[in-house]
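Subject: The structure I promised you

Hi,

Here is the structure we talked about, so you can open it and look around for yourself. Below it I've put down what turned up.

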Amino acid sequence: IGYPIWYGSRPMIIATFLEAYDFAGKTVVPFCTHGGSGMASSAGEVAAHTPDSGHPTGIAISSSQASGSRAQIQTWLRGLGVIR
């Protein structure tokens, strides 16, 4: 699930979305953009809203590095087994 970091956290709409659906037995992988705070507490917040889900390591991309982040994202996706 992707989102921007706002003031060190995920937007409230993400919490609302996660509370509205049953993610039990699913894999929920957070990915976000930020202006300098990294993933902050958002991965833990996402996991707290989806306690019966798998939570592989997410990725945080700085807004200043977004345009050059293709290789970093591909490496992350390979690590998740999403791409080869």
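Let's begin at the very start of the chain: Ile1 sits in the segment before β1. Before I go on, please keep in mind that this is a predicted model. Is Ile1 buried, partly exposed or exposed? Its relative accessible area is 24%, so Ile1 is partly exposed. Leaving out residues up to four places away in sequence, Ile1 touches Ile14, Phe17, Leu18, Val28, Val29, Pro30, Phe31 and Val46. Take Ile14 from that list: 13 residues separate Ile1 and Ile14 in sequence, and their C-alpha atoms are 8.5 Å apart in space.

Now the overall picture. The protein chain contains three helices and three strands, and along the sequence they follow the pattern β-α-β-α-β-α. With a radius of gyration of 13 Å, close to the 12 Å that the globule rule gives for 84 residues, the chain is as compact as a globular protein of that length. If you'd like dimensions, the C-alpha trace spans about 35 × 35 × 15 Å along its principal axes.

A few more totals for the whole chain:

- Of its 84 residues, 32% count as buried.
- Among contacts with a separation of 6 or more, 66% are between residues 24 or more positions apart.
- The accessible surface comes to about 5,300 Å², and 57% of that belongs to carbon and sulfur atoms.
- There are 5 positive and 4 negative side chains, with the centres of the two sets 20 Å apart.

Next, the helices. Which residues of α1 are buried? They are Ile14, Ala15 and Leu18. These residues cover an arc of only 100° around the axis, which puts them on the same side of α1. On the other side of α1 you'll find Met12, Ile13 and Ala20, which are exposed. As background, an α-helix has 3.6 residues a turn, so residues three or four places apart point the same way. The cover over the buried residues of α1 includes β1 and α2.

Helix α2, residues 42–49, has Ser42, Glu45 and Val46 as its buried residues. Looking down the axis of α2, you'd see them fall within an arc of 100°, so they line one face of the helix. What covers them includes β1 (2–4) and α1 (12–20). Put side by side, α2 is among the elements covering the buried residues of α1, and α1 is among those covering the buried residues of α2.

For α3, which runs over residues 70–80, I have one residue to show you, Gly79. Gly79 counts as exposed because its relative accessibility is 66%, and exposed means over 50%. Gly79 and Thr57 are 22 residues apart along the chain, and 9.4 Å separates their C-alpha atoms.

The loops have some things to look at too. Between β1 and α1 you'll come across Ser9 and Tyr7. Ser9 is at 15% relative accessibility, so it counts as buried, the cut-off being under 20%. Leaving out residues up to four places away in sequence, Ser9 touches Pro4 and Glu45. Glu45 is also one of the buried residues of α2. Tyr7, by contrast, is exposed, with a relative accessible area of 88%. The backbone of Tyr7 is worth a look as well: its phi is positive, about 50°, although Tyr7 is not a glycine.

Where else does a positive phi turn up in a residue other than glycine? Ala40 has one, near 50°. Ala40 is in the loop between β2 (31–34) and α2, and at 44% relative accessibility it counts as partly exposed.

Finally, have a look at Phe31 in strand β2. Phe31 is partly exposed, with a relative accessible area of 41%. Setting aside neighbours within four places in sequence, Phe31 is in contact with Ile1, Gly2, Tyr3, Met39, Ile59 and Trp76. That brings us back to Ile1, whose own contacts include Phe31. Phe31 and Gly58 are 27 residues apart in sequence, yet their C-alpha atoms are 5.2 Å apart in space.

That's the tour. Shout if anything is unclear.

Cheers

Methods: Residues are numbered from 1 along each chain as its sequence is written. This is a predicted model: local features need pLDDT of at least 70, side-chain atom pairs count only at pLDDT 80 or more; totals for chains, interfaces and linings use all residues. Side-chain values use heavy atoms; hydrogens and water are left out. Buried means under 20% relative accessible area, exposed over 50%, partly exposed in between (1.4 Å probe, protein chains only). Helices (H or I, at least four residues) and strands (E, at least two) are DSSP runs, numbered from the N terminus. The arc is that of the directions from the helix axis to the C-beta atoms. Contact means heavy atoms within 4.5 Å. The radius of gyration is taken over C-alpha atoms; the globule rule is 2.2 Å times the number of residues to the power 0.38. Accessible areas come from the Shrake-Rupley method with a 1.4 Å probe; for residues, only the protein chains shown count as cover. Lys and Arg count as positive and Asp and Glu as negative; His and the chain ends are not counted. The place of a charge is taken as NZ of Lys, CZ of Arg, CG of Asp or CD of Glu.
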